[in-house]
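Reader: I have a model open and would like to learn how to read its sheet and its helix packing. Could you walk me through it?

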Amino acid sequence: MGTIPSETIEQIAAANDIVEVIGSYFPLKRAGANFKALCPFHQEKTPSFTVSPSRQMFHCFGCGAGGSVFRFVMDYEHIDFPAAARKLGARCGITVVEKFRGGALGDEERERELRRRLLKLHAEAAQWFHENLLKRELGEAARKYLKQRGIMAETAKRWQLGYAPDEWNAFGSSAREEGYDVRDLIASGLVKTKDESTSITSQRPESALRTAPATTAYDRFRGRIMFPIRNDIGEVIAFSGRLLKDEEGAAKYLNSPETPLFRKGRVLFGLDKSKRALIEANRAVVCEGQLDLISLFEAGITNVVAPQGTAFTEGQARILKRFVNEVVLCFDADAAGQKAAERSLDALLQNDLIVRVAQMPVGADPDSLVRREGKEAFERRIAEARDFFDYWIERETASVDLGSFGSKIQLARSLAETVSRVRDPLMRGQVINKVSARLGVTAQDFEALVTKQRSAAPILPRDHPPEMDRTDAMTPAPRHEISMLCVLALRDETARDFLRHQNWREILAEVPDAEILVRILEGDLRPGDAASLNAFMVTLSPADERLVSSWLLQKMPPNAGAMVEEWWLGIRQAVLRRQLNVATNQIRLPELSTGDIINLQKQILDLQEQLHELSQPAGAADN
Ligand SMILES: [Zn+2]
């Protein structure tokens, strides 16, 4: 901190409405004067994550997370304060000028700098690939291919599709001409080193690597149609490349590797464009490939996402749960598609998503189907999609003779294993009823199997997302009277004025857990001004920020002026009593000189008198 002027911070806070900012990440629902949502920082079923438009802050009553608009962006995006300030600054056109102290960058700053460079590189790479596809001679074959797949130029532009030439070094050398360091190119995953040379280069001094890149590095994506993969706010963070000419032994689709920008299990392709539609439909249509998704979206089915890779991860399911309650899987009818559907189930069920499966005719995928049948027919398929368990029972029972008790039990066991993954007890009960009825066993018997599975495989650890800093969340609030004064000093101009005219530094120095109140009183904040509160909060530790955010959401006592005097009096009395206690204990010590005893006696009398004065009704102690 301290590298960004506080006026700039306040300007940024004032220009960024927290409801709009958080609402750009996931939907918020109005609840009285505030907005609510499922907390992104812990797992919950009823929303306790609260955003206050009047206070311009957020607070979760479930896990205690909370703070300013800066804190939200920092915690949600896992970035540090300056990065959050820059991001919010960019949103409202305020440039953040930062000064680095000294020459050396800290680890965190270096990491942030790298991320910044990689984002810029990805944005420029996407544009470079895109221009290859649209304008260059070498993009002709790719243009033909897309046209033949029915993708119009308009669509290619909307999704910024691109083409990576079938050359070893086309992208790499162009990026180096733009001034990119080969180490950044390798960190981005767009360029890789030859496997056999990796061990050699890693032993070389870095300067050698810098001067001899052309021989050791080559483009990862060659001869591929390029799909930029964006995060949920639309920044390009990775690519997926589809082979233009199918080749023996080459993967049809190739994704960027995991990089500082790209964590595969946390990104849903298309989410940046489909967010709004997902909320409105309260249902996500999930397809496997990028082309499927683009075709559905362009056909007008816009509540679509695609997991990167084939199956849903826990992280992706959790993101999705913020937008919808129901998921319709539109995976291919082939074996691989069915496997992917099954493997997705675990993560989806654990996040209490209702899972249905849309039947695809054998050999068809959403892309070909929506083109052939049109939007309405495809929507009918989605509407008629069957509950995953119905679909699964039917599939499993097709090959099992339910007349035989042995095979029935065997099937019941394998189904119980899946049902046991349903986390929500209510939903689990419903599924148990349905499955047992289908199998022709009693619900009790089937439930017993499910219970056995649940105890065999505890799924508890998933309830605690790793990114939640639990020790930090446990910071205890100060005593009640201090908390009350903090609330008043934060929220009421008169109360704040009153306190600041007392000898508060002197008194509070005697109170053990009053540090936060001292910070609030010395802070340059104006209770009525949400931007100044936000600027104040960035000066606090995350734990203190959580406390302050909870105080800002508390109900204010109606008579703040009288309350503050009462609580302040309580604090002063407590301080005097403590001092009196210390003095009366001291005077009992042996080995005291006569002078010490007289001083202590004086002190005790003085303290008693002060206490007595304080306990007089207001005004009586004036003379
Ligand atoms: Zn929470």
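Author: Gladly! Let us begin with what pairing means: two strands pair if DSSP finds at least two bridges between them. Keep in mind throughout that this is a predicted model.

Reader: Which strands form the open sheet, and in what order?

Author: The general idea comes first. Strands of a sheet pair through backbone hydrogen bonds, either parallel or antiparallel. Here, six strands in the order 12-14-13-15-16-17 make up an open sheet with mixed pairing. At its edges are strand 12 (268-269) and strand 17 (386-387), each of which pairs on one side only.

Reader: In what sense do strand 12 and strand 14 pair, parallel or antiparallel?

Author: Strand 12 and strand 14 are antiparallel, with two bridges between them. To find your place on screen, look for Phe269, which stands opposite Ala306 in strand 14. Strand 14 is also joined to strand 13 (residues 283-287) by two bridges, and strands 13 and 14 run parallel. There, Val286 is opposite Val305 of strand 14.

Reader: And how many bridges join strand 13 to strand 15?

Author: Five bridges, and strands 13 and 15 run parallel. Ala284 has Val327 in strand 15 as its bridge partner. You can step across from Val327 again, as Val327 stands opposite Val355 in strand 16. Strand 15 (residues 326-330) and strand 16 (residues 354-357) pair in the parallel sense over four bridges. Another landmark for strands 15 and 16 is Leu329, whose bridge partner is Val357 in strand 16.

Reader: Which residues of strand 14 lie on one side, and which on the other?

Author: The idea to hold on to is that in a regular strand the side chains alternate between the two faces of the sheet. In strand 14 (residues 304-307), Val304 and Ala306 are on one side, while Val305 and Pro307 are on the other. All four are buried, and both faces of the strand are covered. Strand 15 is mostly covered, with four of its five residues buried.

Reader: Which helix lies across strand 15 and strand 16?

Author: Helix 15 does, and it runs at about 160 degrees to strand 16.

Reader: Now for helices against helices. At what angle do helix 14 and helix 15 pack?

Author: In general, two packed helices are described by the angle between their axes and the distance between the axes. Helix 14 (residues 314-321) and helix 15 (residues 335-350) pack at about 45 degrees, and their axes are 8 Å apart. That angle is why helix 14 counts as oblique to helix 15. The crossing of helix 14 past helix 15 is right-handed. On the helix 14 side the contact involves Glu314, Gln316 and Ala317, and on the helix 15 side Ala347, Leu348 and Gln350. Three of these contact residues are nonpolar, two are polar and one is charged.

Reader: How does the packing of helix 22 and helix 23 read, by angle and by the distance between their axes?

Author: Helix 22 (residues 480-491) and helix 23 (residues 493-500) pack at about 115 degrees, with axes 6 Å apart. These two helices are therefore roughly perpendicular to each other. Helix 22 passes helix 23 in a left-handed crossing. Leu485, Leu488 and Ala489 of helix 22 meet Ala495, Arg496 and Leu499 of helix 23. Sorted by class, the contact has five nonpolar residues, no polar ones and one charged.

Reader: Let me try a single residue. Is Ser532 buried or exposed?

Author: A residue is buried if 20 or more other C-beta atoms lie within 10 Å of its own. Ser532 has 20 other C-beta atoms within 10 Å and so is buried. Ser532 belongs to helix 26 (residues 530-537). Leaving aside residues up to four places away in sequence, Ser532 touches Glu10, Leu525 and Arg526. The C-alpha atoms of Ser532 and Ala13 are separated by 7.8 Å, although the two residues are 519 apart along the chain.

Reader: How much of the chain counts as buried?

Author: Of its 623 residues, 38% count as buried. For the wider picture, the chain has 29 helices and 17 strands. Among contacts between residues at least 6 apart in sequence, 68% join residues at least 24 apart.

Conventions
Residues numbered from 1 in each chain as written. Predicted model: local features only at pLDDT ≥ 70, side-chain atom pairs only at ≥ 80, totals over all residues. Axes fitted to C-alpha atoms, helices over the stretch in contact; angles between N-to-C directions. Parallel < 35°, antiparallel > 145°, perpendicular 65-115°, else oblique. Left-handed = near helix turned anticlockwise from the far one by under 90°. Contact = placed C-beta atoms within 7 Å. Nonpolar A, V, L, I, M, F, W, Y, C, P; charged D, E, K, R; others polar. Buried ≥ 20, exposed ≤ 12 C-beta atoms within 10 Å, placed from the backbone.
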